[in-house]
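Welcome to a short set of exercises on how chains meet each other and how they meet DNA. Take a look at the sequence and structure, then work through each task with the solution beside you.

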Protein chains: 2
Amino acid sequence: MTEAALRPQSLSEPIEDTAVTRSLSVTDRIRTAVLSGEFEPGTRLHEVRLSERLGVSRTPIRSALQSLASEGMLDYTPNRGYSVRRFSTSEIVDAYEIRAVMEALAARFAAERGLPEAERAAIERVLAEGDVILANAELGEDERLAYSAVNATFHEAIHSAARCRMLGDMIRVCHSVPHSSHRNVISFEHMDVRRRHDDHHRIYDAILACDAYRAEMLMREHVASVKTSLVRALSGRPLSRRGR
Amino acid sequence: MTEAALRPQSLSEPIEDTAVTRSLSVTDRIRTAVLSGEFEPGTRLHEVRLSERLGVSRTPIRSALQSLASEGMLDYTPNRGYSVRRFSTSEIVDAYEIRAVMEALAARFAAERGLPEAERAAIERVLAEGDVILANAELGEDERLAYSAVNATFHEAIHSAARCRMLGDMIRVCHSVPHSSHRNVISFEHMDVRRRHDDHHRIYDAILACDAYRAEMLMREHVASVKTSLVRALSGRPLSRRGR
DNA sequence: GAGGCTTTACTTGTATACATTATCGCTTGA
DNA sequence: TCAAGCGATAATGTATACAAGTAAAGCCTC
């Protein structure tokens with residue numbers, strides 16, 4: 001994969017044709033733009049304006065918007081077009097709950113089906129890396145970012161070990177919800193991170209021991225606890241004025 | 001809603017323009033055709049052929065195929081097109097497992113959030129209808145179809161009572177898997193149907209009592225037990241030669 | 001005859017023109 | 001003054017022509 005494919009392009013630059021089709025590269029760029037908050041929730045995405053900004057015709061734009069709407073990131077109304085989906089606080093919280101049961105099921109599948117060698121190695125590596133990072137008394141910005149990557153890799157390895165395409169697809173959809181991604185450990189306290197890293201160790205042990213029930217239960221609590229932290233953090237400063 | 005919108009059109013008839021857009025009506029018709037088994041799994045869906053059969057241009061066809069692929073019903077390869085997704089036996093079984101945790105979460109949300117009046121009435125109605133149908137010692141074809149509708153309405157009422165769009169979307173995706181729809185109670189034994197109807201009563205009681213844990217647990221077992229019946233029924237005659 | 005290259009038919013990807021629908025301001029009448 | 005209706009404008013929906021990619025047949029070479 002080329003470097004250009006890894007680095008998302010700004011919406012202002014013209015398209016670089018590294019992806020297989022224009023539709024796919026446009027999809028990635030609009031997705032990145034929405035996730036990074038470049039468009040306010042509720043903003044309408046006009047096909048012609050986007051096509052002018054990206055230097056492609058409306059055809060790949062329409063295709064991209066349709067994809068992103070089916071990922072749950074945009075709203076669509078026939079004959080009216082697409083707009084950036086607005087997530088209420090309760091929807092964000094619900095997304096954690098959904099993610100919790102899905103990831104718990106993935107952990108259970110992994111325990112039932114056995115951990116493939118590649119995933120076992122990946123998990124052991126990131127568990128060790130996490131141990132090193134958390135040996136520090138305090139976490140700087142670099143350490144937090146590094147741990148965020150470690151966390152993401154741990155979870156992805158388990159999704160992959162579940163060997164279930166539909167489950168993987170659904171978990172991916174959960175990540176189009178703002179504040180609901182694996183990379184959001186950054187925002188919480190040091191003790192929370194320690195505890196979650198310990199969860200990772202236990203989940204790995206349960207999967208290795210083929211203890212499906214324990215793996216599922218631990219993973220569910222692991223993800224759901226992030227929801228609790230989020231609710232606690234939000235209680236002072238509401239995230240959305242439209243929350244229920 | 002007009003009658004024409006309710007009755008799916010055959011793929012041979014030309015489009016009747018009752019839906020909002022051609023793309024949407026084409027999507028419904030291809031979805032129905034695939035679910036009814038009109039196309040073998042693995043069959044490629046050529047854009048021009050479909051557009052000739054349906055009497056529309058390639059544009060709405062492409063849009064429809066993209067939608068159905070994102071629902072998980074078709075496979076897509078860039079520059080190669082769409083084909084009917086082939087589900088292995090294990091994928092079908094996994095889909096029940098996924099549906100079980102999702103519907104269980106829906107039941108829990110319904111219990112936590114309280115049953116709106118409309119859903120409460122709908123559930124009581126179908127519970128009573130089910131009681132009447134199952135009063136017969138034996139079930140004829142008509143009774144089975146009637147109970148199938150009752151079953152579907154019960155589950156849909158709970159999805160709606162969960163008041164969570166993302167959850168509803170995901171449960172809908174589960175129904176694009178063959179043999180994984182609410183309407184499949186037909187294929188099982190009378191005693192199984194009785195037991196499942198009793199489950200419905202208990203789930204309703206738990207939700208009314210705001211017993212979130214019990215509602216979730218009962219619903220999970222309720223859906224997962226269908227998986228067990230399916231596996232048992234399949235053990236003699238394998239459904240797919242590609243099952244794991 | 002086997003393997004690889006070239007060509008050709010066919011399919012999908014993209015651009016663009018046209019059709020249809022929604023929106024919003026204006027006019028007109030009560 | 002307000003409401004309803006009309007029309008202009010601008011957006012999305014659809015059709016179609018062309019570009020680009022894929023796959024399979026045929027040819028050539030070894």
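**Exercise 1.** Which elements of chain A and chain B each supply at least two residues of the surface near DNA strand D?

*Solution.* Keep in mind throughout that this is a predicted model.

Step 1: Begin with chain A, where the elements are β1 (44-45), α3 (47-54) and α4 (58-70).

Step 2: Move on to chain B, which adds α2 (22-35) and its own α4.

Step 3: Look for the largest share, and you arrive at α4(B) with three residues.

Step 4: Sort the surface near DNA strand D by class, which gives four nonpolar, eight polar and nine charged residues.

**Exercise 2.** Find the residues that come nearest to DNA strand D, and say which part of the strand some side chains reach.

*Solution.* Step 1: There are 21 residues around DNA strand D, and those that come nearest are A:Arg62, A:Tyr76, B:Arg22, B:Ser57 and B:Thr59.

Step 2: Now turn to the strand itself: of its atoms that come within 4 Å of the protein, 69% belong to sugar and phosphate.

Step 3: Check two phosphate examples. A:Arg62 has a polar side-chain atom 2.6 Å from a phosphate oxygen of DNA strand D. In B:Ser57, a side-chain N or O atom is 2.6 Å from a phosphate oxygen of the strand.

Step 4: Add an example at a base. A polar side-chain atom of A:Arg58 lies 3.0 Å from a base nitrogen of DNA strand D.

**Exercise 3.** How many residues of chain B are in contact with chain A, and how much area do the two chains bury between them?

*Solution.* Step 1: Count the residues on each side: 34 of chain B are in contact with 34 of chain A.

Step 2: For the area, the two chains bury about 2900 Å² between them, with 55% of it on carbon and sulfur atoms.

**Exercise 4.** Describe the charged and polar pairs between chain B and chain A, then the side of chain B that takes part.

*Solution.* Step 1: The rule finds eight salt bridges across this interface. One to look up is B:Arg165 with A:Asp75, whose closest N and O atoms are 2.7 Å apart.

Step 2: The rule also finds 12 residue pairs in polar contact across the interface, both residues being at pLDDT 80 or more.

Step 3: On the side of chain B that touches chain A, two or more residues come from each of α4 (58-70), β2 (74-77), α5 (89-113), α8 (165-174) and α10 (212-234) of chain B. The largest share, 10 residues, belongs to α5(B).

Step 4: Finish with the classes: this side of chain B has 17 nonpolar, six polar and 11 charged residues.

Conventions
Residues are numbered from 1 along each chain as its sequence is written. Chains are lettered from A and ligands numbered from 1 in the order in which they are written. This is a predicted model: local features need pLDDT of at least 70, side-chain atom pairs count only at pLDDT 80 or more; totals for chains, interfaces and linings use all residues. Side-chain values use heavy atoms; hydrogens and water are left out. Contact means heavy atoms within 4.5 Å. Buried area is the accessible area (1.4 Å probe) that two parts lose on being put together, summed over both. A salt bridge is a side-chain nitrogen of Lys or Arg within 4 Å of a carboxyl oxygen of Asp or Glu. A polar contact is a pair of N or O atoms within 3.5 Å; within protein, one must be able to donate a hydrogen and the other to accept it, and residues adjacent in sequence count only if both atoms are side-chain atoms. Helices (H or I, at least four residues) and strands (E, at least two) are DSSP runs, numbered from the N terminus. Ala, Val, Leu, Ile, Met, Phe, Trp, Tyr, Cys and Pro count as nonpolar, Asp, Glu, Lys and Arg as charged, and the others, Gly among them, as polar. A residue is near a molecule or strand if one of its heavy atoms lies within 4 Å of it.
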